[in-house]
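Visitor: Got a minute to walk me through this one? I'd like to know what I'm looking at.
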Amino acid sequence: MLNRAGQSIDAQIRAGERWQATEQLDWQSPFRPDFELERYASMPDGTAVLPMCPASFRDFMLFEKHAIDAARGMVRRFMPQVYQEAIAFERANGESFPQFRPNELWYSQPIYYMSNALTIIPSGRPVCAPAYTTALDFELELGVVLAQPLRDASADEAAAAIGAVVVINDLSARDVQLAEMRSGFGPQRSKHFATSMSSTAIIGPNLADDLDRLTATVTIDRKVVAETGTQGMRYSLGEAIAHCSQGEQLFPGELFSTGTLPGGSGMELGRWLAPGETLRLEIDGVGVIEHLIGGEV
């Protein structure tokens with residue numbers, strides 16, 4: 001509870017018929033002052049750190065081309081028979097297979113999922129696939145962090161509240177993701193094990209002005225495998241964040257990401273990560289994420 005007289009927050013839980021202070025149960029908030037230092041305690045000196053530890057992480061899907069191409073890539077890898085049928089349809093009709101397109105709700109409002117803000121790691125740290133997946137993938141995205149609180153905001157108000165811009169890598173376990181998406185609850189362990197962020201953030205006025213015309217590249221072992229950019233978002237980041245603020249309080253420090261830039265994932269490219277490779281994701285003028293890919297953890 002909030003103690004306004006002492007300007008403190010007393011954390012308590014319900015214990016039967018009474019409230020009990022959680023300090024008696026050795027409970028600590030993860031956001032204590034030394035939280036960020038503890039996150040890096042196991043890393044060698046000189047390792048880059050996150051430019052900020054976000055309070056939450058909402059990940060949109062703003063690019064139709066990515067949605068279609070990623071669905072095609074998922075089917076090609078995990079449902080080859082369906083893939084052959086879908087490709088035959090596309091060749092015969094000159095259009096995308098209907099099941100590859102986003103759900104109809106996507107065309108009427110921004111959609112997103114809540115990921116795990118506490119497992120975001122900085123560029124430079126080795127990335128290992130969880131033991132439960134054999135299909136580790138990357139997703140190059142543009143992220144923004146709020147600098148001001150918002151509620152029931154307009155798109156212009158939301159855009160003006162952007163305080164920092166970063167590069168995001170939404171790491172994914174694709175074989176696990178397929179079953180989780182079919183559950184109707186969206187991605188869980190397929191996404192929550194790790195996300196990475198550039199070690200730099202861009203700050204300054206009018207940050208939202210150029211966010212829809214940035215160029216980007218994906219490089220694996222020094223070979224450029226994709227050239228992409230932020231052009232073609234169905235909704236601007238201002239519109240997407242404003243949508244989240246309708247009837248919901250947003251706070252400074254919350255992170256929002258565009259979703260994968262077209263061609264910015266291995267699933268779209270048919271290029272899957274393997275141990276020993278070096279992945280480099282870059283958005284020009286914003287930052288870089290680079291990881292050595294390790295084995296299972």
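Guide: Sure, one term up front: buried means under 20% relative accessible area, exposed over 50%, and partly exposed in between, with a 1.4 Å probe and protein chains only. This is a predicted model, where local features need pLDDT of at least 70, side-chain atom pairs count only at pLDDT 80 or more, and totals for chains, interfaces and linings use all residues. Residues are numbered from 1 along each chain as its sequence is written, and side-chain values use heavy atoms, leaving out hydrogens and water.

Visitor: OK, cysteines. Is Cys-244 buried or exposed?
Guide: Cys-244 is buried, as its relative accessible area is 2%. Cys-128 comes out at 26%, so Cys-128 counts as partly exposed.

Visitor: And how many disulfides are there?
Guide: Zero. A disulfide here is a pair of cysteine sulfur atoms within 2.5 Å.

Visitor: Switching to the sheet: what's the strand order?
Guide: It's an open sheet of seven strands, β6-β5-β16-β10-β11-β13-β7, with mixed pairing. Strands (E, at least two residues) and helices (H or I, at least four) are DSSP runs, numbered from the N terminus. Two strands pair if DSSP finds at least two bridges between them.

Visitor: Which strands are the edges?
Guide: β6 (112-114) and β7 (120-122), each pairing on one side only.

Visitor: What does β7 pair with?
Guide: β7 runs parallel to β13 (residues 195-197), with three bridges joining them. Pro-122 sits opposite Met-197 of β13.

Visitor: Now β5. How many of its residues are buried?
Guide: Five of five, over residues 56-60. Ser-56, Arg-58 and Phe-60 point one way, while Phe-57 and Asp-59 point the other. In a regular strand, side chains alternate between the two faces of the sheet.

Visitor: And which way does β5 pair with β16 and with β6?
Guide: With β16 (residues 254-257) the sense is parallel, over four bridges, and Arg-58 has Phe-256 as its bridge partner there. With β6 the sense is antiparallel, over three bridges, and Asp-59 is partnered by Tyr-113.

Visitor: Last topic, backbone oddities. What's the phi of Asp-152?
Guide: About 50°, a positive value although Asp-152 is not a glycine. Asp-152 lies in the loop between β10 (140-146) and α4 (155-160), and at 45% relative accessibility it counts as partly exposed.

Visitor: Where is Asp-221, then?
Guide: In the loop between β14 (215-220) and β15 (223-229). The phi of Asp-221 is also positive, near 50°, and with a relative accessible area of 42%, Asp-221 is partly exposed.
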